[in-house]
Amino acid sequence: MTDTVHTAAAPAAARVSDTYRWLQLAIGVGAMVMIANYQYGWTFFVPDIQKKFGWDRASIQWAFTLFVLFETWLVPIEGWFVDKYGPRIVVLIGGILCAIGWAINAQATSLNGFYLGMIIAGIGAGGVYGTCVGNALKWFPDKRGLAAGITAAGFGAGSALTVAPIQAMIKNDGFQTTFLYFGLGQGIVIVILAFLMFSPKPGQVPAAVQNTNVIQSRRNFAPTEVLRQPIFWLMYFMFVIVGAGGLMVTANLKPIGVDWKVDAMPVTLMGLTLTAVTFAATIDRVLNGLTRPFFGWISDMIGRENTMFIAFGMEGIGIYMLYLWGHDPIWFVLLSGFVFFAWGEIYSLFPSTCTDTFGSKFATTNAGLLYTAKGTAALLVPVANYMQQSSGNWDMVFIVAAGANILASLLAILVLKPWRKVVVAKSQQAA
């Protein structure tokens, strides 16, 4: 029996085919691809906004921070709506808000205008993101890491195909036209996909998996209980310190390339020649997407904490190597790719660990509570810009980010792993 059967008065529905489950997952991935540019495309607009209006970079990047804050901090509320009313209405409204947000950016002539546009886009993107990840966790209790990973991959890799078109359109038609066309196009597709999304009914999906490496709770914790669990706050802290490093590189990839004078240098790899920043951005998107199902799948086999130890350790080493060797355009491309590969998996490992620990009934809301850590991490992005402005270089930013990842890697294996065993064992007794 699944966890959710106990709570439903209605008789359990028949098991659905795996094809139907994968179709629901694919619809979620499609919606995630459509919101990817709101975060990952932003870096290409920054230099042109700066050139047109003359504002300093740290002020412009507050728009990115506000986007991430509103994308993440409202997800628990949106998750509550999904857990209560189903995914369709939240994704529908999300798509409309995404389109409005970038339409505002297309007209903005003040910093506050861009802040408003990115706040509205953030609320919309967060609604879509939280719903799609929560739905994946519910449809696949037997493959939670993989399902969350594939869904999050849509967000990570979804913008890879549009890196070149967005840059070309900014160059040819200006950033304002690009904001308008991409904003409206992406929003319309999300609205269409919303009508195809459903949550599983009790009995439609297999039971939660039990193996020695992946420990899953049989008890469903309500969101108010989760917030009172100290282990939740350990996960939250780890998410913040790992998230901050990756967001800093995401928001500043082009500015770092410009400062290191590698941005416009041609790089040829595998017979393809692009400028270093375009090449890096494209590879980063692809690897940032691939890592999510890859490490999610690994974590389904060897356990979440063991996977975190490996991935966060790789990220710490990668950031430090990028700092040492990134002034060479080829190393800039390769190492920024490595950094994104070791970073993106937080978006499959943390939601699946959260649902394993606290049960699937309130999965969208509980995973949403943890996802707000990304918003907290985004507050550190302007701090990185101020550190760079005051020192004139990126040295301190890279060293702090590398150290934070090594710390999270050690916390995963030494503290989170033994602690989670105790918490789940206690919840089994209570259930």
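Helices in this briefing are DSSP runs of H or I with at least four residues, strands are E runs of at least two, and both are numbered from the N terminus. With that in hand, L161 can be placed in the loop between α7 and α8 (163-173). The model you are looking at is predicted. The points below cover its nonpolar cores, two bent helices, one helix pair and a handful of individual residues.

**Nonpolar cores**

- The largest nonpolar core has 122 residues, and I35 and F332 are the members that touch the most others in it. Helix α11 (residues 230-259) supplies the largest share of this core, with 17 residues.
- Which residues does I35 contact, once its neighbours within four places in sequence are left aside? They are C98, A125, V128, Y129, F155 and I190.
- There is also a second, separate core of seven residues, and V16, A136, W139 and A147 are among them.
- As background, nonpolar side chains in soluble globular proteins tend to be buried together.

**Two helices that bend**

- Helix α1 covers residues 18-40, and its 23 residues should span 33 Å at 1.5 Å a residue; the end C-alpha atoms are 32 Å apart, which agrees. Along the way, α1 bends by about 30° at M34.
- Helix α18 covers residues 395-430, 36 residues in all. From its first C-alpha to its last it reaches 50 Å, close to the expected 52 Å.
- Where does α18 bend, and by how much? The bend is at A412 and amounts to about 40°.

**The α7 and α12 pair**

- The axes of helix α7 (residues 144-157) and helix α12 (residues 276-302) come within 7 Å of each other and cross at roughly 175°. Angles over 145 degrees count as roughly antiparallel, so that is how α7 and α12 run relative to each other.
- On the α7 side, the residues that meet α12 include R144, L146, I150, F155 and A157. Their counterparts in α12 include R285, N288, R292, P293, W297 and D300.
- Glycines take part on both sides: G145, G149 and G156 belong to the α7 set, while G289 and G296 belong to the α12 set.
- L161, in the loop after α7, is exposed because its relative accessible area of 73% is over the 50% cut-off. L161 and R285 are 124 residues apart in sequence, yet their C-alpha atoms are 8.8 Å apart in space.

**Buried residues in α12 and α16**

- D284 sits in helix α12. Is D284 buried or exposed? With 0% relative accessibility, it counts as buried, since the cut-off is under 20%.
- Not counting residues up to four places away in sequence, D284 touches L253, S336, G337 and F340. The C-alpha atoms of D284 and P165 are separated by 16 Å, with their positions 119 residues apart along the chain.
- T278 is another residue of α12, and its relative accessible area of 13% makes it buried. Beyond its neighbours within four places in sequence, T278 is in contact with V163 and Q167. T278 and A378 are 100 residues apart in sequence and 23 Å apart from C-alpha to C-alpha.
- T365 belongs to helix α16 (residues 363-378) and is buried, with a relative accessible area of 6%. Residues up to four places away in sequence aside, T365 touches P76, G79, W80, D83 and P223.

**F341 in α14**

- F341 is found in helix α14 (residues 329-343). Setting aside residues up to four places away in sequence, F341 touches L287, T291, F294, F295 and M314.
- The C-alpha atoms of F341 and D56 are 30 Å apart, and the two residues are 285 apart along the chain.

**Positive phi outside glycine**

- K261 is not a glycine, yet it has a positive phi of about 60°. K261 lies in the loop between α11 and β1 (266-269) and is exposed, with a relative accessible area of 64%.
- M270 is likewise not a glycine, and its phi is positive at about 50°. In which loop is M270 found? It is in the loop between β1 and β2 (272-275), and at 80% relative accessibility M270 counts as exposed.

How values were computed. Residues are numbered from 1 along each chain as its sequence is written. This is a predicted model: local features need pLDDT of at least 70, side-chain atom pairs count only at pLDDT 80 or more; totals for chains, interfaces and linings use all residues. Side-chain values use heavy atoms; hydrogens and water are left out. A nonpolar core is a set of buried Ala, Val, Leu, Ile, Met, Phe, Trp, Tyr and Cys residues joined through side-chain atoms within 4.5 Å. Buried means under 20% relative accessible area, exposed over 50%, partly exposed in between (1.4 Å probe, protein chains only). Contact means heavy atoms within 4.5 Å. The expected span of a helix is 1.5 Å times one less than its number of residues. The bend at a residue is the angle between axes fitted to the seven residues ending there and the seven starting there. Axes are lines fitted to C-alpha atoms, for helices over the stretch in contact, and angles run from 0 to 180 degrees between N-to-C directions. Angles under 35 degrees count as roughly parallel, over 145 as roughly antiparallel, 65 to 115 as roughly perpendicular and the rest as oblique.
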